[in-house]
Amino acid sequence: MALKHLGSLLLLLVSINSWAEDSKLQAKTFSNLLSSVCLKNIYNLGKLREQLKNATPMGADETRKLLKGSKGNAWVVPDNSGAYILALHEKSQICTVIAHHADANTVEEEFLKLANNPIAP
């Protein structure tokens with residue numbers, strides 16, 4: 001009986017470790033999307049909208065909920081590390097990237113790297 005519980009505990013620990021690694025990878029991918037899509041196009045979101053015109057956007061209701069009632073567009077961005085959402089707010093000209101399980105500490109570390117070494121838009 002104890003051996004059965006030990007096996008379950010080991011499986012749980014492996015799953016937690018795998019989730020932690022996945023969340024760190026998602027954080028790095030999130031940061032890469034933020035810098036290579038949003039920050040790169042920060043001064044010309046119209047150009048980004050033009051590049052995305054042939055991509056399939058999320059539904060209008062889903063996008064409105066995501067943007068808390070604001071108008072705009074959102075797209076699911078699939079990646080090996082998980083799915084992300086790229087959203088462009090219409091009026092405020094804000095570009096947003098959303099990750100589901102990104103490790104907060106890694107996101108902060110990656111953001112500080114971006115802030116300390118800004119890329120040219």
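**Salt bridges and the disulfide**

In helix α3 (residues 60-66), R64 and D61 lie three residues apart and are therefore separated by about one helical turn. In this predicted model, the side chains of these two residues meet in a salt bridge, with an N to O distance of 3.1 Å. R64 is partly exposed, at a relative accessible area of 43%. D61 has a relative accessible area of 53%; because the threshold for an exposed residue is over 50%, D61 is classed as exposed.

The R64 and D61 pair belongs to a set of four salt bridges found in a search of the whole structure. Another is formed by E110 and K28, whose closest N and O atoms are 3.5 Å apart. This contact links distant parts of the chain, as E110 is located in helix α4 (residues 104-116) and K28 in helix α1 (residues 2-39), with a separation of 82 residues. The two partners fall into separate accessibility classes: E110 is buried, with a relative accessible area of 12%, whereas K28 is partly exposed, with a value of 39%.

E110 also takes part in a salt bridge with K113, where the N to O distance is 3.2 Å. Both residues are in helix α4, and because they are three residues apart, about one helical turn separates them. K113 has a relative accessibility of 47% and counts as partly exposed. Through shared partners, salt bridges join K28, E110 and K113 into one network. Within this network, E110 is the partner of K28 and also of K113.

The search of the whole structure also identified one disulfide. The bond joins C38 to C95, with an S to S distance of 2.0 Å. Distant parts of the chain are linked by this pair, since C38 belongs to helix α1 and C95 to strand β3 (residues 95-99), 57 residues apart. The torsion about the S-S bond of C38 and C95 is about -65°, and the disulfide is therefore left-handed. Both cysteines fall below the 20% limit that defines a buried residue: C38 is buried at 4% relative accessibility, and C95 is buried with a relative accessible area of 15%.

Helix α1 thus contributes a residue to each of two links between distant parts of the chain. K28 of helix α1 pairs with E110 of helix α4, and C38 of helix α1 pairs with C95 of strand β3. The former contact is a salt bridge, and the latter is a disulfide, that is, a covalent bond between the sulfur atoms of two cysteines.

Conventions: Residues are numbered from 1 along each chain as its sequence is written. This is a predicted model: local features need pLDDT of at least 70, side-chain atom pairs count only at pLDDT 80 or more; totals for chains, interfaces and linings use all residues. Side-chain values use heavy atoms; hydrogens and water are left out. Helices (H or I, at least four residues) and strands (E, at least two) are DSSP runs, numbered from the N terminus. Buried means under 20% relative accessible area, exposed over 50%, partly exposed in between (1.4 Å probe, protein chains only). A disulfide is a pair of cysteine sulfur atoms within 2.5 Å.
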